[in-house]
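I sat down with this one over coffee and kept a few notes as I went. Here they are, in the order I looked things up.

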Amino acid sequence: MANDHDEKGHVADEDRRDILFLGTGAVGAVGIASAVWPFVDQMNPSASVLALSTMEVDIGDLEPGQEMKVSFLKAPVFIRRMTEDELASAADEDVSGMPDPDPRNPNATGSVADVQDRLVDAERGIIVLTGVCTHLGCVPLGDGAGDYKGWFCPCHGSHYDSLGRIRKGPAPENLPIPVASIDGDILKLG
Ligand code: FES
């Protein structure tokens with residue numbers, strides 16, 4: 001994949017670099033609405049691949065309300081900076097009655113899918129999600145799509161909220177969060 005268009009991000013391993021888009025609104029989402037991701041294979045890379053694979057993305061230009069998408073370990077990863085209003089609204093929500101209260105976050109210290117345990121950087125409102133619907137593996141639409149203003153998978157109507165939590169539809173689990181950490185403006189995946 002070409003790697004000469006990375007003013008919005010850079011990647012340690014150029015072979016894996018694949019910055020797909022950075023933007024707001026629905027631009028860029030058309031064309032992936034019904035793309036079925038090869039779910040089983042891509043979500044279960046070998047242990048050796050996992051151990052060796054990391055990727056760095058510069059998120060310094062990511063403004064509140066913006067979303068970018070990269071490809072990591074052959075799966076789409078959504079990176080979004082939430083607005084203050086979105087953060088405040090999400091903080092008020094009761095997780096206990098949601099379809100999946102588990103944070104699905106290997107970086108989390110807690111056990112509830114709240115703001116603290118769903119965000120990679122709660123202070124800046126940075127959420128990082130593996131962009132594969134937990135129903136049958138389609139790539140959901142983002143940028144505030146769906147009834148809960150997060151991500152929407154039109155294949156069978158799964159609605160995820162601004163923290164990527166499943167709120168309505170057949171998907172059984174929240175969008176998973178990859179192993180990730182942030183140092184300054186650099187997001188490290190893996
Ligand atoms: S694959 Fe997402 S709702 Fe069916």
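My entries below go from the whole chain to the sheets, the core and a few single residues.

**Entry 1, overview.** I note at the outset that this is a predicted model. I counted elements first and found four helices and eleven strands in the chain. Next I looked up burial: of the 190 residues, 39% count as buried. Then I turned to contacts with a separation of 6 or more, and 56% of them join residues 24 or more positions apart.

**Entry 2, the four-stranded sheet.** I traced an open sheet of four strands, in the order β6-β7-β8-β9, and the pairing is antiparallel. At its edges I found β6 (141–145) and β9 (166–168), each of which pairs on one side only. On average, neighbouring strands here are turned by 35 degrees against each other, direction ignored. I then checked one pair in detail: β6 and β7 (residues 149–153) are antiparallel and pair over two bridges. Across this pair, I see Ala-145 standing opposite Gly-150 of β7.

**Entry 3, the three-stranded sheet.** I followed another open sheet, with three strands in the order β2-β11-β10 and antiparallel pairing. β2 and β10 (180–183) each have a single partner strand, so each has one side without a neighbour in the sheet. Neighbouring strands of this sheet are turned by 25 degrees against each other on average, direction ignored. For β2 and β11, which run antiparallel, I noted four bridges. One residue pair I looked up there is Val-57, whose bridge partner in β11 is Leu-187.

**Entry 4, the core.** Which residues touch the most other members of the largest nonpolar core? I found Val-77, Ile-79 and Val-128, in a core of 39 residues. I reminded myself that nonpolar side chains tend to be buried together in soluble globular proteins. The elements giving two or more residues to this core are β2 (55–58), β3 (67–72), β4 (75–81), α3 (84–91), β5 (126–130), β7 and β11 (186–189). β4 gives the most, with four residues. I then listed what Val-77 touches, leaving out residues up to four places away in sequence: Lys-69, Val-70, Phe-72, Val-128, Leu-129, Thr-130, Gly-131, Pro-178 and Leu-189.

**Entry 5, Thr-130.** Thr-130 was on that list, and I placed this residue in strand β5. Is Thr-130 buried or exposed? Thr-130 has 21 other C-beta atoms within 10 Å, and the cut-off for buried is 20 or more, so Thr-130 is buried. With residues up to four places away in sequence left out, Thr-130 touches Ala-75, Val-77, Leu-175, Pro-176 and Pro-178. I also looked up the separation of its C-alpha atom from that of Ile-79, which is 9.0 Å, with the two residues 51 apart along the chain.

**Entry 6, positive phi.** Most residues other than glycine have a negative phi, and I went looking for exceptions. Arg-104 has a positive phi, near 50 degrees. I found Arg-104 in the loop between α3 and α4 (115–118), and with 21 other C-beta atoms within 10 Å this residue is buried. Lys-149 also has a positive phi, of about 55 degrees, although it is not a glycine. Lys-149 sits in strand β7, and I noted 15 other C-beta atoms within 10 Å, so Lys-149 is partly exposed.

Key:
Residues numbered from 1 in each chain as written. Predicted model: local features only at pLDDT ≥ 70, side-chain atom pairs only at ≥ 80, totals over all residues. Pairing = 2+ DSSP bridges. Axes fitted to C-alpha atoms, helices over the stretch in contact; angles between N-to-C directions. Core = buried A, V, L, I, M, F, W, Y, C linked by C-beta atoms within 7 Å. Buried ≥ 20, exposed ≤ 12 C-beta atoms within 10 Å, placed from the backbone. Contact = placed C-beta atoms within 7 Å.
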